[in-house]
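User: Please take a close look at a single strand of this model and tell me how that strand is placed among its neighbours. A connected account would suit me better than a list.

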Amino acid sequence: MNTRPDQPLRLGTRRSKLAMSQSGHVAEAVRAVTGRPVELVEITTYGDVSRENLAQIGGTGVFVTALRDALVRGEVDFAVHSLKDLPTTQPDELVIAAMPKREDPRDALVARDGLTLEQLPDGARVGTGSPRRTAQLHAYARSLGKRIETVAIRGNVDTRIGFVRDGELDAVVLAAAGLNRIGRGDEATDLLSVDNMLPAPGQGALAVECLASNTELVAALGELDDPHTRAAVTAERSLLGALEAGCSAPVGALADLLADGEIVNEMRLRGVVGTLDGTTLVQLSTTGPVPQSYDEAMALGRELADEMLAKGAAGLMGERSL
């Protein structure tokens with residue numbers, strides 16, 4: 001960052017409306033912290049141009065690699081990612097300098113006629129490109145005594161909601177955080193309780209990444225970091241990594257901070273792995289002191305992953321075909 005204070009910092013972002021919106025929020029915060037102008041540099045990733053199903057193109061990293069390459073080549077100074085898109089292994093030359101305060105981690109249903117998931121008719125067609133959502137949707141529907149048909153979909157928010165508006169699908173499931181960030185949270189007809197639908201590890205959180213060698217910028221971006229978000233997401237991603245699962249696997253995880261009055265003193269980490277038809281779920285939780293370090297957060301995730309593997313989680317994740 002040893003450049004003129006009036007020289008813009010270049011923020012690498014995907015081109016989608018959602019990515020541009022969340023990068024814009026981060027840009028404003030970085031301007032406030034550094035006093036430097038920030039310009040958005042739009043980068044197209046493989047995940048943006050491929051029309052294949054995410055699970056089939058490898059899932060993990062398809063939205064990230066091009067941004068990281070631009071960082072390493074010096075074409076941008078920092079990048080903003082949706083944390084759930086990041087692979088669990090971190091390149092040595094890059095550092096996540098900040099995880100800003102997390103948005104709503106829940107999944108949202110956008111259904112015809114304002115319906116909630118419980119109100120959907122038997123046999124309703126529900127769109128999602130996520131094996132994690134697919135597994136839990138089927139299990140939840142079964143617990144309600146009904147059956148749903150999940151339909152694999154891709155595309156941006158407009159495209160997905162369009163399937164409902166056009167009558168092709170009865171409902172689609174999206175991240176509540178994404179809808180909120182583009183000002184469309186009121187289009188959700190149901191916010192799905194995490195008791196029935198655990199989100200993707202890191203869902204609702206952002207990662208602000210830059211070169212580890214740029215210590216001045218690392219320190220400046222660190223002003224945006226939210227320690228509770230970082231502890232929670234680190235534990236969730238540790239669970240994911242220990243299960244050796246990418247974002248194409250049916251794994252859900254959420255770390256809650258539990259408060260006694262005003263004092264946050266414990267963290268509960270919940271994880272789920274299931275077969276795509278939802279007939280078998282391994283769902284466990286562990287509670288411990290709020291991690292005070294990266295190593296403690298990682299240990300919490302590994303501990304729960306070991307318990308889940310002992311209960312047969314590995315066999316369920318082998319079912320990758322959609």
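Analyst: Leucine 9 has valine 38 in β2 as its bridge partner, and in this predicted model that pair belongs to a wider set of links, since strand β1, made up of residues 9-13, and strand β2, made up of residues 38-42, run parallel and are joined by five bridges. Between these two strands the chain passes through helix α1, which spans residues 17-34, and the β-α-β crossover that takes the chain from β1 to β2 in this way is right-handed.

Strand β1 also pairs with strand β3, residues 78-82, again in the parallel sense, and here the pairing rests on two bridges. Within that pairing, leucine 11 of the chain stands opposite phenylalanine 78, a residue of β3. Strand β1 thus has parallel pairing to β2 and parallel pairing to β3, with leucine 9 facing valine 38 in the one and leucine 11 facing phenylalanine 78 in the other.

As to how much of the strand is covered, four of the five residues in β1 are buried, and the strand can accordingly be described as mostly covered.

A buried position elsewhere may be set beside this: threonine 134, in helix α4 (residues 131-143), counts as buried because its relative accessibility is 11%, where the cut-off for buried is under 20%. Leaving aside residues up to four places away in sequence, threonine 134 touches Thr128, Thr150 and Leu276.

Definitions and conventions: Residues numbered from 1 in each chain as written. Predicted model: local features only at pLDDT ≥ 70, side-chain atom pairs only at ≥ 80, totals over all residues. Heavy atoms only, no water. Buried < 20%, exposed > 50% of the residue type's maximum accessible area, 1.4 Å probe, protein only. Contact = heavy atoms within 4.5 Å. Pairing = 2+ DSSP bridges. Right-handed = clockwise from strand over helix to strand, strands pointing away.
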